[in-house]
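Let's take a friendly walk through this structure together, one element at a time. Keep the 3D view open as you read.

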Amino acid sequence: MATSYDVIVVGLGGMGSAAAYHLAARGRRVLGLERFGPAHNLGSSHGGSRIYRQAYFEDPAYVPLLLRAHELWEKLATDSGREVFTETGGLMIGREDSAAFAGTLRSAHEWGLDHEVLGAADIRRRFPTFNPAAEDVAFFERKAGIARPEAAVTAHLDLARAHGADLHFAELVLGWEADGPGGKAWVVTDRGVHTADRLVIAPGAWAPKLLADLGVGVTVERQVMYWFQPEGGTGPFTADRHPVYIWEDPDGTQIYGFPALDGPDGGAKVAFFRRGGPGPVDPDTLDRRIHPDEIVAMAEYLRPRIPTLPGRFLKGAACMYASTPDGHFVLTRHPGYPRVAVACGFSGHGFKFVPVIGEILADLATDGTTDHPIALFDPRRVRVRPLPKVTR
């Protein structure tokens, strides 16, 4: 006989783990289903660090969610006792008309966010690891920092379990149905059948397989993260001296990076944004090897911009972006199944929102609506403001 719950959460990565916690904390009987183990490295919620920032060049409509996310990151750290977030400050570097700079500045002005504008000489003086061109400028935001994906997922899972959630790992979801006999949602796995009044689906890179009827073309892209040991050591790259950053070139190419977070031998992490090789890819057969030509390309790109960073390659890791055509999220009740809340298509910039998206999913699953502004993320959207184009 199938076990029945108030809500089933499919996928326990960043978004799903947060949803399971918020639902369980509201007293709901929650079942969480995950095809891999807890806080695994086979999806998009791994790699040790993600950038958090508030002034958002992608669209100012994201800012209210980011402000709430900041509150929830602090609460998660307090409630879990884990280091899930570190404030480091953040630089958005580029020419004055670049998306990284101009879009961020526009967002800050619209929402009255505290910031500084730095010229090239100011950047070199304040942050001597960087070597900007004379024409480069930077937006500096003190509230920016680092979210720790593995720690955050683990914290949300631990808190969900402490509030009574039933979490199943290594259980593969084969299919789902909603509003069938008895007005229930049904989930079929390789272990059996589960039923619930409501369903939350947060499948990450598996969205094309579990949400094929959503009406949004989610494309899965392979991405690579790199860790280098800087020449002369990590001293100048520690979190009290080196901010998180996004750097955009005139041709639209963007890199993003972090301070050295894991001691003197852990190196500093950097990556291209949306430059992971030909796609789309299948998440079940993703090429997880880091190829020599990829390492060389990253090191050569860094050398004129952050000269001491590509001293010695330490390691790399592959992850995935599940991207929508316009780069904006999908976060809503399923258009065809009112009992189902969906979260997908985070397009490589979603993890900073994890705690507030968990809150929104809990709203949608319990009340059918939310007070948070999520109109931009409706899959039926007609008019959208596409994200700035970048070189792939």
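## Strand 13 and its two partners

Ten of the eleven residues of strand 13 are buried, so this strand is largely enclosed by the rest of the structure. The model we are looking at is a predicted one. Strand 13 covers residues 219–229, and its pairing is a good place to begin.

With strand 17, strand 13 runs antiparallel, and eleven bridges join the two. Within this pair, Met-225 stands opposite Ala-317 of strand 17. Strand 16 also runs antiparallel to strand 13, this time joined by three bridges. Here Trp-227 is the residue to look for, standing opposite Lys-269 in strand 16.

## The eight-stranded sheet

Strand 13 belongs to an open sheet of eight strands, with mixed pairing and the order 6-7-5-14-15-16-13-17. Strand 6 (116–119) and strand 17 (312–323) are the edge strands; each has a single partner, so one side of each is left without a neighbour in the sheet. From one strand to the next, the twist averages 20°.

Elsewhere in the sheet, strand 14 (residues 244–248) and strand 15 (residues 254–260) run antiparallel and are joined by four bridges. Trp-247 has Ile-255 of strand 15 as its bridge partner. Helix 7 (residues 292–302) packs on the sheet, where it touches strand 13, strand 15, strand 16 (268–272) and strand 17. The direction of helix 7 makes about 65° with that of strand 13. Another helix, helix 3 (residues 99–111), lies across strand 5 (90–94), strand 6, strand 7 (137–141) and strand 14. Helix 3 runs at about 45° to strand 7.

## A glycine in the loop after strand 15

Follow the chain between strand 15 and strand 16 and you will find Gly-263 in the loop. Is Gly-263 buried or partly exposed? Its relative accessible area is 33%, and because buried means under 20% and exposed over 50%, Gly-263 counts as partly exposed. Gly-263 and Thr-234 are 29 residues apart in sequence, while their C-alpha atoms are 8.0 Å apart in space.

## The three-stranded sheet

Now turn to another open sheet, this one built from three strands in the order 3-8-4 with antiparallel pairing. Strand 3 (50–52) and strand 4 (85–87) take the edges, and since each has a single partner strand, one side of each is left without a neighbour in the sheet. Direction ignored, neighbouring strands of this sheet are turned by 25° against each other on average.

Three bridges join strand 4 to strand 8 (residues 145–147), and the two run antiparallel. Phe-85 stands opposite Ala-147 in strand 8. Helix 2 (residues 63–80) lies across strand 3, strand 4 and strand 8, running at about 115° to strand 3.

## Helix 1 and helix 5

Eleven of the twelve residues of helix 1 are buried, so this helix is largely enclosed by the rest of the structure. Among the buried residues of helix 1 are Gly-14, Met-15, Tyr-21, His-22 and Leu-23. The end C-alpha atoms of helix 1 are 17 Å apart, which agrees with the 16 Å its twelve residues should span at 1.5 Å a residue. Gly-27, which follows helix 1, has a positive phi, near 90°.

Helix 5 (residues 149–162) has 14 residues and reaches 20 Å from its first C-alpha to its last, close to the 20 Å expected at 1.5 Å a residue. Its buried residues include Pro-149, Val-153, His-156, Leu-157 and Leu-159. The buried residues of helix 5 pack against helix 1 (14–25), strand 3, helix 2, strand 8, strand 9 (166–168) and helix 8 (354–367). After helix 5 comes Gly-164, whose phi is positive, near 100°.

## The largest cavity

How many cavities of 30 Å³ or more does a search of the whole structure find? There are three, and the largest cavity holds about 60 Å³ of space.

Which helices supply at least two residues each to the lining of the largest cavity? They are helix 1, helix 2 and helix 5. Helix 2 gives the largest share, four residues. The lining is made up of Tyr-21, His-22, Leu-72, Lys-75, Leu-76, Asp-79, His-156, Leu-159 and Pro-355. Of these, Tyr-21 and His-22 are buried residues of helix 1, and His-156 and Leu-159 are buried residues of helix 5.

Technical notes: Residues are numbered from 1 along each chain as its sequence is written. This is a predicted model: local features need pLDDT of at least 70, side-chain atom pairs count only at pLDDT 80 or more; totals for chains, interfaces and linings use all residues. Side-chain values use heavy atoms; hydrogens and water are left out. Two strands pair if DSSP finds at least two bridges between them. Axes are lines fitted to C-alpha atoms, for helices over the stretch in contact, and angles run from 0 to 180 degrees between N-to-C directions. Contact means heavy atoms within 4.5 Å. The expected span of a helix is 1.5 Å times one less than its number of residues. Buried means under 20% relative accessible area, exposed over 50%, partly exposed in between (1.4 Å probe, protein chains only). On a 1 Å grid over the protein atoms alone, a cavity is a set of points where a 1.4 Å probe fits but cannot get out, and a pocket is an open set with protein on both sides within 12 Å along at least five of seven lines; lining residues have an atom within 4 Å of a point. Grid points are joined across faces, edges and corners, and a volume is the space filled by probe spheres set on the points.
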